[in-house]
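Here are my notes for you on this one. Have the viewer open and follow along point by point.

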Amino acid sequence: MIIIGFMLSSFIYWSVENYCNQKSWWRKRSCCDQCLVRLKVIDLIPLISFMLLRGRASCCNGIISKKYFITEVIVVVLMLPLEFEITLTNLLEGIVVLLLFWMTLVDYQTLHIPIPIVVVIMMIGLYLRETACEGTILIPLLLCVLLYIIFRHSLGSGDIWLFAALSTWMDVITFMFFVGLSAVLALVYVILMDRQGLVPFCPFIGSSFYIVIIMEEVFRWAHNQL
């Protein structure tokens with residue numbers, strides 16, 4: 001998972017920037033932000049290229065945004081705790097963590113959550129729930145409907161859809177803890193930052209989900225050691 005995160009870390013921020021600016025990035029190669037020249041292979045190595053080039057582009061010596069380096073560090077760090085055991089479940093969890101981080105960056109810039117990505121997360125969750133044969137997803141989904149009814153004027157529809165998608169990963173108690181933790185993190189952010197107006201909620205949903213996943217990984221690892 002660390003290797004996967006390392007390989008995709010640079011691509012994640014680049015794709016977010018292109019998505020937010022409504023640019024095509026499926027067939028577009030990475031280019032310098034300053035002179036728009038196509039980047040060389042050495043420029044595309046996450047973390048290492050930034051340090052070797054000392055934060056400057058090899059083509060025009062322009063300053064490379066530190067956001068790339070910070071994003072790459074965060075992605076690698078996010079993958080570290082998922083290395084307890086290499087399984088299909090672990091791999092799918094890592095993919096969802098990366099997708100949530102991608103949506104976090106998008107939501108922070110645009111206050112928009114891409115629904116197709118949410119659908120992918122839901123499909124992965126349904127697959128894992130089916131293979132694990134863990135109870136029913138009906139109650140968490142009903143809780144999502146309740147969230148929409150109560151908070152439809154303060155929560156975006158994308159947030160509700162994301163809660164619904166992630167509810168497929170959890171039992172009822174875990175899901176309630178997850179929703180509560182998301183709300184607490186958002187409240188702390190608003191108070192500390194004295195934020196007014198609309199607040200992107202995906203960062204707090206993603207952070208809470210990551211905490212829940214890590215807790216499960218730690219418990220699973222501890223159980224295997226006993």
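1. What percentage of the 226 residues in the chain do buried residues make up? They come to 40%. Keep in mind as you read that this is a predicted model.

2. Start with the overall layout. You'll find nine helices and zero strands in the chain, so from the N terminus on the elements simply read α-α-α-α-α-α-α-α-α. Take the contacts between residues at least 6 apart in sequence: 65% of them join residues at least 24 apart.

3. Next, the surface. About 13,300 Å² of the chain is exposed, and carbon and sulfur atoms supply 69% of that area.

4. How far can you trust what you see? The average pLDDT for the chain is 76, with 65% of the residues scoring at least 70. Helix α8 (residues 172–193) has the highest confidence, at a mean of 88, while helix α2 (residues 48–52) has the lowest, at 68. Watch out for residues 131–135, where the pLDDT is below 50. Beyond near neighbours in sequence, that stretch has two contacts in the model. Where pLDDT is low, the predicted coordinates shouldn't be read in detail.

5. Now have a look at helix α4, which covers residues 88–110. Its 23 residues reach 33 Å from the first C-alpha to the last, close to the 33 Å expected at 1.5 Å a residue. Just after α4 comes L111, with a positive phi of about 55°.

6. Then find the nonpolar patch on the surface. V145, L146, Y148, I149, I150 and F151 form it, and together they have about 560 Å² of accessible area. One of them, F151, sits in helix α6 (residues 138–151). Is F151 buried or exposed, or something in between? F151 counts as partly exposed because its relative accessibility is 37%, and that category runs from 20% to 50%.

7. Compare that with another phenylalanine, F201, in the loop between α8 and α9 (202–225). F201 counts as buried because its relative accessibility is 11%, and the cut-off for buried is under 20%.

8. Which residues does F201 touch, leaving out those up to four places away in sequence? The list is D107, L155, D159, F163, S182, A183 and A186. For a sense of how the chain folds back, try F201 and Y108: they are 93 residues apart along the chain, yet 8.3 Å separates their C-alpha atoms.

Terms used. Residues numbered from 1 in each chain as written. Predicted model: local features only at pLDDT ≥ 70, side-chain atom pairs only at ≥ 80, totals over all residues. Heavy atoms only, no water. Helix = DSSP H or I, 4+ residues; strand = E, 2+ residues; numbered from the N terminus. Expected span 1.5 Å × (residues − 1). pLDDT = per-residue confidence, 0-100. Contact = heavy atoms within 4.5 Å. Patch = residues over 30% accessible without salt bridge, like charges linked within 9 Å, V, L, I, M, F, W, Y side chains within 5 Å. Areas by Shrake-Rupley, 256 points an atom, 1.4 Å probe, with all protein chains shown as cover. Salt bridge = Lys/Arg side-chain N within 4 Å of Asp/Glu carboxyl O. Buried < 20%, exposed > 50% of the residue type's maximum accessible area, 1.4 Å probe, protein only.
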